[in-house]
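Trainee: Could you help me see how the labels on a structure are earned? I would like to check each one against its definition.

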Amino acid sequence: MSDMAQPVLALEALKKSYNIGKPNELEVLHGIDLSIKRGEFTALVGPSGSGKSTLLNLLGLLDQPTAGELYLMGQPTRTMDDETLTAMRSRHIGFVFQFHHLIPAFNVLDNVLMPMMIRHGRPNAEMRERALQLLDQVGLLKFTDRKPGDLSGGQQQRVAIARALMTRPDLILADEPTGNLDTQTAAGVFDVFRQFNEAYGCAVLIVTHDPRLSATCDRTITLIDGNIASDVHEPGNTAQTSKPG
Ligand SMILES: Nc1ncnc2c1ncn2[C@@H]1O[C@H](COP(=O)(O)OP(=O)(O)OP(=O)(O)O)[C@@H](O)[C@H]1O
(Lines give C-alpha, C1' and ligand atoms only; values in the text may rest on other atoms or scores of the structure.)
Protein backbone atom coordinates (compact mmCIF):
# COMPACT_ATOMS: atom_id res chain seq x y z
CA MET A 1 0.00 0.00 0.00
CA SER A 2 1.24 3.49 -0.79
CA ASP A 3 0.48 4.41 2.81
CA MET A 4 3.13 1.98 4.03
CA ALA A 5 5.76 3.33 1.65
CA GLN A 6 5.23 6.92 2.73
CA PRO A 7 7.55 8.10 5.52
CA VAL A 8 5.83 9.11 8.72
CA LEU A 9 8.24 12.02 8.95
CA ALA A 10 10.55 13.61 6.42
CA LEU A 11 12.84 16.57 7.06
CA GLU A 12 14.50 18.64 4.40
CA ALA A 13 17.35 20.96 5.37
CA LEU A 14 15.69 21.68 8.70
CA LYS A 15 17.32 24.48 10.68
CA LYS A 16 16.59 25.91 14.09
CA SER A 17 18.03 29.06 15.61
CA TYR A 18 17.27 30.58 18.97
CA ASN A 19 17.19 34.30 19.38
CA ILE A 20 19.56 34.93 22.26
CA GLY A 21 19.24 38.70 22.30
CA LYS A 22 21.02 41.51 20.47
CA PRO A 23 21.54 40.66 16.81
CA ASN A 24 22.84 37.24 17.78
CA GLU A 25 21.11 34.10 16.65
CA LEU A 26 22.27 30.80 18.00
CA GLU A 27 21.88 28.19 15.26
CA VAL A 28 21.36 24.87 17.04
CA LEU A 29 20.34 22.66 14.08
CA HIS A 30 22.23 23.32 10.86
CA GLY A 31 20.17 21.68 8.13
CA ILE A 32 18.88 18.22 9.02
CA ASP A 33 17.77 15.79 6.32
CA LEU A 34 16.01 12.78 7.75
CA SER A 35 13.25 10.34 6.98
CA ILE A 36 11.46 8.07 9.46
CA LYS A 37 9.39 5.22 8.06
CA ARG A 38 6.48 3.35 9.56
CA GLY A 39 7.55 0.74 12.08
CA GLU A 40 11.10 2.05 12.54
CA PHE A 41 12.44 1.83 16.09
CA THR A 42 15.09 4.51 16.35
CA ALA A 43 17.37 5.90 19.04
CA LEU A 44 18.44 9.54 18.89
CA VAL A 45 21.71 9.96 20.74
CA GLY A 46 24.42 12.58 21.10
CA PRO A 47 26.26 14.65 23.68
CA SER A 48 24.46 17.08 25.95
CA GLY A 49 23.69 20.27 24.04
CA SER A 50 23.92 18.64 20.60
CA GLY A 51 20.30 19.54 19.81
CA LYS A 52 18.35 16.34 20.53
CA SER A 53 15.49 17.95 22.48
CA THR A 54 15.37 20.83 20.00
CA LEU A 55 15.01 18.33 17.16
CA LEU A 56 12.39 16.30 19.03
CA ASN A 57 10.32 19.42 19.67
CA LEU A 58 10.39 20.20 15.95
CA LEU A 59 9.49 16.63 15.02
CA GLY A 60 6.57 16.77 17.42
CA LEU A 61 5.34 20.08 15.93
CA LEU A 62 5.81 21.66 19.35
CA ASP A 63 8.16 24.29 17.92
CA GLN A 64 8.69 25.92 14.52
CA PRO A 65 11.87 25.47 12.45
CA THR A 66 13.76 28.56 11.26
CA ALA A 67 14.26 27.11 7.77
CA GLY A 68 13.64 23.94 5.81
CA GLU A 69 10.54 21.77 5.68
CA LEU A 70 9.05 19.05 7.82
CA TYR A 71 6.55 16.64 6.29
CA LEU A 72 4.28 14.70 8.63
CA MET A 73 2.42 11.86 6.87
CA GLY A 74 3.47 13.42 3.57
CA GLN A 75 2.06 16.86 4.36
CA PRO A 76 4.30 19.93 4.56
CA THR A 77 3.83 21.54 7.98
CA ARG A 78 5.70 24.86 7.74
CA THR A 79 2.72 26.84 6.52
CA MET A 80 0.08 25.13 8.65
CA ASP A 81 -1.81 27.32 11.10
CA ASP A 82 -1.83 26.52 14.82
CA GLU A 83 -5.18 24.78 14.72
CA THR A 84 -4.10 22.43 11.94
CA LEU A 85 -0.77 21.76 13.67
CA THR A 86 -2.60 20.85 16.89
CA ALA A 87 -4.93 18.52 14.98
CA MET A 88 -2.02 16.86 13.15
CA ARG A 89 -0.13 16.44 16.41
CA SER A 90 -3.02 14.90 18.30
CA ARG A 91 -3.95 12.64 15.38
CA HIS A 92 -0.52 11.27 14.50
CA ILE A 93 1.92 11.72 17.39
CA GLY A 94 2.19 10.31 20.90
CA PHE A 95 4.61 11.87 23.37
CA VAL A 96 6.41 10.30 26.32
CA PHE A 97 8.68 12.46 28.44
CA GLN A 98 11.12 11.72 31.25
CA PHE A 99 8.81 13.43 33.70
CA HIS A 100 5.64 11.87 32.51
CA HIS A 101 3.25 14.73 33.31
CA LEU A 102 0.53 12.46 34.62
CA ILE A 103 -2.30 14.28 36.35
CA PRO A 104 -1.91 13.52 40.07
CA ALA A 105 -5.59 13.98 40.95
CA PHE A 106 -6.78 11.56 38.23
CA ASN A 107 -6.59 7.81 38.61
CA VAL A 108 -4.55 5.67 36.20
CA LEU A 109 -7.50 4.87 33.90
CA ASP A 110 -8.51 8.52 33.54
CA ASN A 111 -4.92 9.53 32.87
CA VAL A 112 -4.80 7.05 29.98
CA LEU A 113 -8.17 8.30 28.72
CA MET A 114 -6.99 11.92 28.86
CA PRO A 115 -6.02 12.35 25.15
CA MET A 116 -9.46 11.03 24.14
CA MET A 117 -11.22 13.32 26.60
CA ILE A 118 -9.35 16.30 25.14
CA ARG A 119 -10.44 15.28 21.66
CA HIS A 120 -13.95 13.99 22.20
CA GLY A 121 -15.13 15.00 25.69
CA ARG A 122 -16.65 12.22 27.79
CA PRO A 123 -15.07 8.86 26.98
CA ASN A 124 -17.43 6.21 25.61
CA ALA A 125 -17.40 2.47 26.32
CA GLU A 126 -15.14 1.72 23.36
CA MET A 127 -12.52 4.21 24.58
CA ARG A 128 -12.64 2.71 28.07
CA GLU A 129 -12.19 -0.74 26.57
CA ARG A 130 -9.16 0.46 24.61
CA ALA A 131 -7.64 2.10 27.69
CA LEU A 132 -8.14 -1.07 29.75
CA GLN A 133 -6.57 -3.16 27.00
CA LEU A 134 -3.54 -0.88 26.90
CA LEU A 135 -3.23 -0.98 30.69
CA ASP A 136 -3.39 -4.76 30.50
CA GLN A 137 -0.62 -4.74 27.89
CA VAL A 138 1.64 -2.63 30.11
CA GLY A 139 0.85 -4.91 33.07
CA LEU A 140 -1.13 -2.38 35.10
CA LEU A 141 -4.69 -3.63 34.91
CA LYS A 142 -4.74 -4.10 38.69
CA PHE A 143 -3.87 -0.45 39.24
CA THR A 144 -6.54 1.34 37.21
CA ASP A 145 -8.04 3.03 40.29
CA ARG A 146 -4.75 4.15 41.79
CA LYS A 147 -3.42 7.68 41.65
CA PRO A 148 -0.05 8.12 39.88
CA GLY A 149 1.60 9.12 43.16
CA ASP A 150 0.93 5.63 44.51
CA LEU A 151 2.89 3.96 41.71
CA SER A 152 6.63 3.41 41.21
CA GLY A 153 8.53 5.50 38.63
CA GLY A 154 8.55 2.60 36.14
CA GLN A 155 4.84 2.01 36.60
CA GLN A 156 4.13 5.71 36.08
CA GLN A 157 6.18 5.63 32.91
CA ARG A 158 4.16 2.66 31.66
CA VAL A 159 0.95 4.63 32.31
CA ALA A 160 2.45 7.46 30.23
CA ILE A 161 3.20 5.03 27.40
CA ALA A 162 -0.35 3.63 27.50
CA ARG A 163 -1.65 7.21 27.41
CA ALA A 164 0.56 8.05 24.41
CA LEU A 165 -0.82 5.02 22.56
CA MET A 166 -4.45 5.75 23.31
CA THR A 167 -4.91 7.66 20.04
CA ARG A 168 -3.07 4.95 18.03
CA PRO A 169 -0.43 7.38 16.81
CA ASP A 170 1.74 6.77 13.75
CA LEU A 171 4.76 8.07 15.63
CA ILE A 172 5.85 7.93 19.27
CA LEU A 173 8.38 10.54 20.34
CA ALA A 174 10.06 9.89 23.68
CA ASP A 175 12.52 12.29 25.32
CA GLU A 176 14.70 10.37 27.77
CA PRO A 177 11.75 8.32 28.97
CA THR A 178 13.99 6.15 31.13
CA GLY A 179 16.27 8.93 32.38
CA ASN A 180 15.22 8.64 36.01
CA LEU A 181 14.72 4.87 36.15
CA ASP A 182 17.05 2.10 37.36
CA THR A 183 18.63 -0.14 34.71
CA GLN A 184 16.19 -3.02 34.97
CA THR A 185 13.09 -0.83 35.03
CA ALA A 186 14.47 1.17 32.08
CA ALA A 187 14.94 -2.04 30.06
CA GLY A 188 11.34 -3.02 30.93
CA VAL A 189 10.05 0.34 29.69
CA PHE A 190 12.03 -0.08 26.45
CA ASP A 191 10.44 -3.50 26.02
CA VAL A 192 6.99 -1.93 26.30
CA PHE A 193 7.88 0.49 23.48
CA ARG A 194 9.16 -2.40 21.40
CA GLN A 195 6.07 -4.47 22.06
CA PHE A 196 3.80 -1.71 20.74
CA ASN A 197 6.10 -0.94 17.85
CA GLU A 198 5.85 -4.57 16.76
CA ALA A 199 2.13 -4.91 17.47
CA TYR A 200 0.92 -1.71 15.78
CA GLY A 201 3.77 -0.76 13.46
CA CYS A 202 4.03 2.74 14.94
CA ALA A 203 7.39 4.40 14.40
CA VAL A 204 9.23 5.05 17.67
CA LEU A 205 11.98 7.64 18.15
CA ILE A 206 13.61 7.68 21.57
CA VAL A 207 16.20 10.10 22.91
CA THR A 208 18.43 8.22 25.29
CA HIS A 209 21.82 8.65 26.94
CA ASP A 210 22.02 4.92 27.71
CA PRO A 211 24.12 3.01 25.15
CA ARG A 212 22.75 -0.35 26.35
CA LEU A 213 19.25 0.80 25.45
CA SER A 214 20.16 2.45 22.16
CA ALA A 215 21.91 -0.81 21.21
CA THR A 216 18.50 -2.53 21.23
CA CYS A 217 17.12 -0.16 18.57
CA ASP A 218 17.03 -0.89 14.82
CA ARG A 219 18.49 2.44 13.93
CA THR A 220 20.72 4.89 15.79
CA ILE A 221 20.96 8.54 14.76
CA THR A 222 23.82 10.43 16.37
CA LEU A 223 23.56 14.19 16.58
CA ILE A 224 26.75 16.20 17.15
CA ASP A 225 26.78 20.00 17.23
CA GLY A 226 23.45 20.20 15.45
CA ASN A 227 24.33 17.89 12.56
CA ILE A 228 23.64 14.21 11.98
CA ALA A 229 27.09 12.69 12.51
CA SER A 230 25.95 9.12 11.82
CA ASP A 231 22.79 7.22 10.99
CA VAL A 232 23.21 3.47 11.42
CA HIS A 233 20.57 0.87 10.56
CA GLU A 234 21.00 -2.42 12.41
CA PRO A 235 17.70 -4.29 12.28
CA GLY A 236 19.37 -7.34 13.80
CA ASN A 237 19.22 -5.53 17.11
CA THR A 238 15.63 -6.64 17.65
CA ALA A 239 17.03 -9.94 18.83
CA GLN A 240 18.51 -8.20 21.86
CA THR A 241 15.19 -7.22 23.40
CA SER A 242 13.50 -9.53 25.86
CA LYS A 243 10.52 -10.12 23.58
CA PRO A 244 8.97 -13.49 24.45
CA GLY A 245 9.32 -16.26 21.88
N1 LIG B 1 14.96 28.12 24.31
C2 LIG B 1 16.27 28.21 24.07
N3 LIG B 1 16.88 29.41 23.92
C4 LIG B 1 18.20 29.50 23.65
N5 LIG B 1 19.02 28.45 23.53
C6 LIG B 1 18.48 27.21 23.68
C7 LIG B 1 17.08 27.03 23.96
N8 LIG B 1 16.84 25.70 24.04
C9 LIG B 1 18.02 25.07 23.84
N10 LIG B 1 19.01 25.98 23.62
C11 LIG B 1 20.41 25.68 23.31
O12 LIG B 1 20.42 24.82 22.19
C13 LIG B 1 21.45 23.84 22.30
C14 LIG B 1 20.84 22.48 22.15
O15 LIG B 1 20.00 22.19 23.27
P16 LIG B 1 19.14 20.87 23.38
O17 LIG B 1 18.37 20.94 24.67
O18 LIG B 1 18.38 20.65 22.15
O19 LIG B 1 20.30 19.76 23.50
P20 LIG B 1 20.21 18.23 23.95
O21 LIG B 1 21.07 17.48 23.00
O22 LIG B 1 18.79 17.81 24.06
O23 LIG B 1 20.88 18.27 25.39
P24 LIG B 1 20.65 17.33 26.68
O25 LIG B 1 21.13 15.97 26.28
O26 LIG B 1 21.51 17.97 27.71
O27 LIG B 1 19.19 17.38 27.00
C28 LIG B 1 22.13 24.10 23.63
O29 LIG B 1 23.28 24.88 23.38
C30 LIG B 1 21.09 24.88 24.40
O31 LIG B 1 21.72 25.72 25.35
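Mentor: Gladly! Let's begin with one definition: helices are DSSP runs of H or I with at least four residues, numbered from the N terminus. Keep in mind that this model is predicted.

Trainee: Which element gives the most to the shell around the ligand?

Mentor: That is α2, with 3 residues. Both β2 (25–36) and α2 give two or more residues to this shell.

Trainee: What makes a residue part of the shell around the ligand?

Mentor: Its C-beta atom must lie within 6 Å of the ligand. Among the residues around the ligand are Tyr 18, Val 28, Lys 52, Ser 53 and Thr 54. The shell divides into 4 nonpolar, 7 polar and 1 charged.

Trainee: How do you know that the buried residues of α2 are on the same side?

Mentor: The buried residues of α2 (residues 52–59) are Lys 52, Leu 55, Leu 56, Leu 58 and Leu 59. They cover an arc of only 160° around the axis, so they sit on the same side of α2. In general, residues three or four places apart in an α-helix point the same way, because there are 3.6 residues a turn.

Trainee: Why is Met 73 called partly exposed?

Mentor: A buried residue needs 20 or more other C-beta atoms within 10 Å, and an exposed one has 12 or fewer. Met 73 has 18, so it counts as partly exposed. Met 73 is in the loop between β4 (67–72) and β5 (75–76).

Trainee: And what makes Glu 176 partly exposed?

Mentor: Glu 176 has 19 C-beta neighbours inside 10 Å, so the label is partly exposed here too.

Key: Residues are numbered from 1 along each chain as its sequence is written. This is a predicted model: local features need pLDDT of at least 70, side-chain atom pairs count only at pLDDT 80 or more; totals for chains, interfaces and linings use all residues. The arc is that of the directions from the helix axis to the C-beta atoms. Ala, Val, Leu, Ile, Met, Phe, Trp, Tyr, Cys and Pro count as nonpolar, Asp, Glu, Lys and Arg as charged, and the others, Gly among them, as polar.
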